[in-house]
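Open the model in your viewer and keep the sequence panel beside it. We will go from stop to stop, with something to select at each one.

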Amino acid sequence: MLLYRSAAWFAKGLREYTKSGYESASKDFVPDDLEVQVPGRAFMVTGGNSGIGKATAMEIAKRGGTVHLVCRDHSRAEGARAEIIQESGNQNIFLHIVDLSVPKSIWKFVENFKQEHTLNVLITVSSGGMLVQKLNTDDLQSERTAFNGTMVYAQNKRQQVVLTERWARAHPAIHFSCMHPGWVDTPGVRLSMPGFHARLGTRLRSEAQGADTVLWLALTPAATAQPSGCFFQDRKPAPAHLPLARTSSSPAEEEKLVEILEELARRFK
C-alpha cells in the first residue's frame, strides 16, 4: 500500500506540485485578493529566517503587518530580520529564538508571549507529503520501526492536518486551515532531500510561488469565506487523501492523538 501511495503521490506531484502546476493553477487566481494592507495586525511565522517562511514574512511586512519571527539560529535569524526591515521599510519585525524540538521551551515561549503581545494569525505550513501516510498513534516517536526521515516528516504532517480539522470543530470562533506549498526550491529541500532536488531541478517552484497560498490564507478575506479546517493547495480546498489509499482515520484514532498531545502538554507546564 505504501508503494501505491508513493507512486500515486509522485504522479500527482509531477502534474500539480511543480512550477508548471503553479502556473496552471494561477490562471484562476483573483489578482486583487492579495492587494491588501494589514497595519495593526500581528502574524507569527515559524522558521521565518529562510525559504517559504522568510518569503511569507517579507510579504506580510511589505503590507504593514507586525511580524514575529520564531527561529532557532540567532545569527541567521538576525540577518533575515535585518533584510526584511531593509526591504520592506517596516520596523515592526520581532525575533524570538526558540528550539521547537524542545517542548518545554515552546511552552515557556508561548506563556511569555501571551503576556507581552497580541496575535491575529499563527502560520503553520503542512505538506502534500502527508498523503502517503495514515495517522499512526501507536508509534509517534518512530521507535518500533527503522527510522525514515521522509516518512516521519509525512506522518507529522498527517497529524497536523488531522489536528487542524479537530481544532476547527472544537473552536468555531477561530478560522483554521492548512496547506501544501508544492515542491519548492528551498534550502531545506536542498539539504534534506538532495536526490529529490537534483532530480526535479528547474521544475521546482520558487519560494515566492510556494508562499503564495500561505499569504492568501493569512491575508485575504476570500480565504475566511472558505469553511474552517480545510486543506488547501494553490488557493483552493484540496482532498486530504489519495484515491484508494486507505489513509482516512477513525474518530477513535483522532481522539487518541488529541489525548496523547494533551498529556504531553500537561507534562511540560
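Let's begin at Ala223: leaving aside its neighbours within four places in sequence, this residue is in contact with His175, Trp216 and Leu217, where contact means heavy atoms within 4.5 Å. Select Ala223 together with those partners, and you will be looking at helix 10 (residues 221–224), where Ala223 lies. Helices here are DSSP runs of H or I with at least four residues, strands are runs of E with at least two, and both are numbered from the N terminus.

Before moving on, a word about what is on your screen. This is a predicted model, with residues numbered from 1 along each chain as its sequence is written. Local features need pLDDT of at least 70 and side-chain atom pairs pLDDT of 80 or more, totals for chains, interfaces and linings use all residues, and side-chain values use heavy atoms, with hydrogens and water left out.

Is Ala223 buried or exposed? Ala223 is buried, with a relative accessible area of 1%; buried means under 20%, exposed means over 50%, and partly exposed is in between, using a 1.4 Å probe and protein chains only. Now add Ala8 to the selection and draw a distance between the two C-alpha atoms. Ala223 and Ala8 are 215 residues apart in sequence and 28 Å apart in space.

**Stop two: the whole chain**

Zoom out and switch to cartoon. The protein chain has eleven helices and seven strands. Its radius of gyration, taken over C-alpha atoms, is 18 Å, close to the 18 Å that the globule rule gives for 269 residues, so the chain is as compact as a globular protein of that length. That rule is 2.2 Å times the number of residues to the power 0.38. Along the principal axes, the C-alpha atoms fill a box of roughly 50 × 45 × 35 Å.

Turn on the surface next. About 14,400 Å² of the protein chain is exposed, and carbon and sulfur atoms supply 54% of this area, computed by the Shrake-Rupley method with a 1.4 Å probe. Of the 269 residues, 44% count as buried. Among contacts between residues at least 6 apart in sequence, 73% join residues at least 24 apart.

**Stop three: helix 9**

Select Leu215, found in helix 9 (residues 207–219). Leu215 is buried, with a relative accessible area of 6%. Which residues does Leu215 touch, leaving aside its neighbours within four places in sequence? Show Leu34, Thr56, Glu59, Ile60 and Thr220 as sticks, and you have its contacts beyond that range. For a longer view, pick Gln159: its C-alpha is 22 Å from that of Leu215, and the two are 56 residues apart in sequence.

**Stop four: helices 3 and 4**

Go to Lys62 in helix 3 (residues 51–62). Lys62 is partly exposed, at 37% relative accessible area. Outside the four places on either side in sequence, Lys62 is in contact with Gln37, Glu87 and Ser88. A C-alpha distance from Lys62 to Asn156 should read 31 Å, for residues 94 apart in sequence.

Then select Arg76 in helix 4 (residues 74–88). Arg76 is also partly exposed, with a relative accessible area of 48%. Setting aside neighbours within four places, Arg76 is in contact with Asn49 and Ser50.

**Stop five: the cysteines**

Select Cys230 and display its sulfur. The nearest cysteine sulfur, that of Cys178, is 8.5 Å away, and Cys230 is in no disulfide; a disulfide is counted as a pair of cysteine sulfur atoms within 2.5 Å. By this rule the count comes to zero disulfides. Cys230 is buried at 17% relative accessibility, and Cys71 is buried at 3%.

**Last stop: two backbone angles**

Most residues other than glycine have a negative phi. With that in mind, select Asp234 in the loop between strand 6 (230–233) and strand 7 (236–237). Asp234 has a positive phi of about 50 degrees although it is not a glycine, and this residue counts as buried at 7% relative accessibility.

Finish at Arg246, in the loop between strand 7 and helix 11 (251–267). What is the phi of Arg246 near? The angle is near 55 degrees, a positive value in a residue other than glycine. Arg246 counts as exposed, at 66% relative accessibility.
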